[in-house]
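Dear colleague,

I am handing over the structure that we spoke about, and I would be glad if you could look through it with the notes below beside you. The notes come after the structure itself, so please open that before you read on.

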Amino acid sequence: MAVSAAAAPAAEPLPRSIFKKFLVMLCSLLMSLYVFYCLADRCQTLPGPIIAAGAASEEEEGGGGGYLGGSAELPPWQAAAARRKRLLQRLKQRRRRQEAAPGEEVPAGGGGSRAGGSGGGGGSAAGTAGSLTLLLGEGSKRLPQAIIIGVKKGGTRALLEFLRVHPDVRAVGAEPHFFDRNYERGLAWYRDLMPRTLEGQITMEKTPSYFVTKEAPARISSMSKGTKLIVVVRDPVTRAISDYTQTLSKKPDIPTFESLTFKNRTTGLIDTSWSAIQIGIYAKHLENWLLYFPIGQILFVSGERLISDPAGELGRVQDFLGLKRIITDKHFYFNKTKGFPCLKKAEGSSKPHCLGKTKGRTHPDIDQEVVQRLRDFYRPFNMKFYQMTGQDFGWD
């Protein structure tokens with residue numbers, strides 16, 4: 001018996017309208033994923049220093065392991081988003097605390113000048129607002145308006161560390177050496193080294209060798225004739241011994257201080273070609289700078305008073321830079337072990353901070369006849385320097 005099999009009906013194609021809708025939905029999904037990816041990538045490329053400052057504050061406030069709150073185990077894009085969210089929340093919380101009690105001390109973790117300020121209520125609020133704005137990618141890199149140009153072993157590092165507490169000062173940490181060693185790289189390279197700043201903030205750098213570099217005054221003047229210059233000076237005899245001590249720590253086999261000081265020990269002729277001696281002839285170097293800058297545009301800071309009265313010297317510096325006097329006595333304490341003043345709260349931290357182990361080295365014993373000979377040698381140069389600056393530094 002023949003069984004007639006009925007032919008199976010052919011599958012109908014999807015209507016064109018449904019197919020088009022499917023394509024549109026797929027494209028929308030892909031576009032959403034792409035936008036999400038870009039936003040996550042943007043979070044990862046936020047300004048590094050601000051994130052780092054937030055990380056330090058997080059750890060100091062008991063945030064726990066990981067980078068800004070233990071997000072290290074998350075995928076990179078999620079970790080970046082979590083870091084940014086937590087840092088924004090903390091900055092907002094600090095600002096609310098400061099507004100609620102503007103005259104009170106901010107609790108632990110609220111003292112950094114960039115991530116919470118450190119100069120009392122007004123300065124702290126300004127620092128918090130500035131950090132928040134920089135975190136959101138605003139601000140710009142500018143050429144420095146003020147430069148600490150000298151002198152080596154005079155106290156330049158201490159001055160810069162103290163100044164960085166101020167919420168309106170942003171400074172490069174490392175010495176750029178642009179106007180003496182890297183000038184051929186150009187101003188664009190130099191500007192790129194600078195931190196981001198907001199309107200009203202001052203960009204600074206310090207390279208002590210500028211003061212004794214013949215070409216530096218003309219080069220800085222070419223960049224900006226209005227640049228404010230700061231020179232930290234110290235008793236040239238003590239400075240020379242400190243300079244030698246630093247070199248001795250790196251090269252223990254160098255000749256003695258006494259043998260390097262004289263061209264001829266018998267005649268007592270001083271070797272002014274030795275850099276440790278040559279740097280301390282301040283009047284000679286200053287003459288070169290006065291060819292390009294008026295004396296009123298250069299501030300001379302006493303390295304000795306920076307140790308004995310840091311708040312007083314910082315007051316003069318803040319006035320010179322046109323800043324509000326935020327850095328005061330309450331920011332310092334004296335460390336008897338090191339023999340130097342230290343910060344109660346350093347930039348971006350709520351913990352006390354002293355200069356590193358390389359500062360405050362014990363000087364070797366120097367023959368007192370050599371010391372006296374050097375004092376006699378420097379005396380006329382010191383007197384001329386006092387006359388040029390209108391300040392008696394009391395070295396004689």
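The side chains of Arg-239 and Asp-243 come together in a salt bridge, with 3.1 Å from N to O, where a salt bridge is a side-chain nitrogen of Lys or Arg within 4 Å of a carboxyl oxygen of Asp or Glu. Both residues belong to helix α8 (residues 236-250), and they stand 4 residues apart, which is about one turn of the helix; helices here are DSSP runs of H or I with at least four residues, strands are runs of E with at least two, and both are numbered from the N terminus. Arg-239 and Asp-243 are both buried, and the words for accessibility follow fixed limits: buried is under 20% relative accessible area, exposed is over 50%, and partly exposed is in between, with a 1.4 Å probe and protein chains only. The two residues are also linked with Lys-152 in a network of salt bridges.

Before you go further, please keep in mind that this is a predicted model, in which local features need pLDDT of at least 70 and side-chain atom pairs count only at pLDDT 80 or more, while totals for chains, interfaces and linings use all residues. Residues are numbered from 1 along each chain as its sequence is written, and side-chain values use heavy atoms, with hydrogens and water left out.

How many salt bridges does the structure hold? There are 15, and two others may be worth finding on your screen. Asp-319 and Arg-325 meet through their side chains at 2.6 Å, N to O; Asp-319 is partly exposed because its relative accessible area is 43%, and Arg-325 is partly exposed because its value is 49%. Asp-396 and Arg-379 form a salt bridge of 3.7 Å, N to O, and this pair links distant parts of the chain, since Asp-396 is in the segment after α14 and Arg-379 is in helix α14, 17 residues apart. Asp-396 has a relative accessible area of 42% and is therefore partly exposed, and Arg-379, at 31%, also counts as partly exposed.

A search of the whole structure for disulfides, meaning pairs of cysteine sulfur atoms within 2.5 Å, finds 1. This disulfide joins Cys-342 to Cys-354, with 1.8 Å from S to S. The pair links distant parts of the chain, with Cys-342 in strand β11 and Cys-354 in the loop between β11 and α14, 12 residues apart. The torsion about the S-S bond is about 105°, so the disulfide is right-handed. Cys-342 is buried, because its relative accessible area is 1%.

Lastly, the unreviewed UniProt entry places the feature "binding site" at twelve listed positions, among them Lys-153 and Arg-361; such positions are given in the numbering used here, feature names are shortened, and annotations may be inferred rather than shown by experiment. Lys-153 is in the loop between β2 (146-150) and α5 (156-163), and at 17% relative accessibility Lys-153 counts as buried. Arg-361 lies in the loop between β11 (340-343) and α14 (368-389), and at 24% Arg-361 counts as partly exposed. Leaving aside its neighbours within four places in sequence, Arg-361 is in contact (heavy atoms within 4.5 Å) with Lys-153, Thr-245, Gln-246 and Ser-249.

With best wishes
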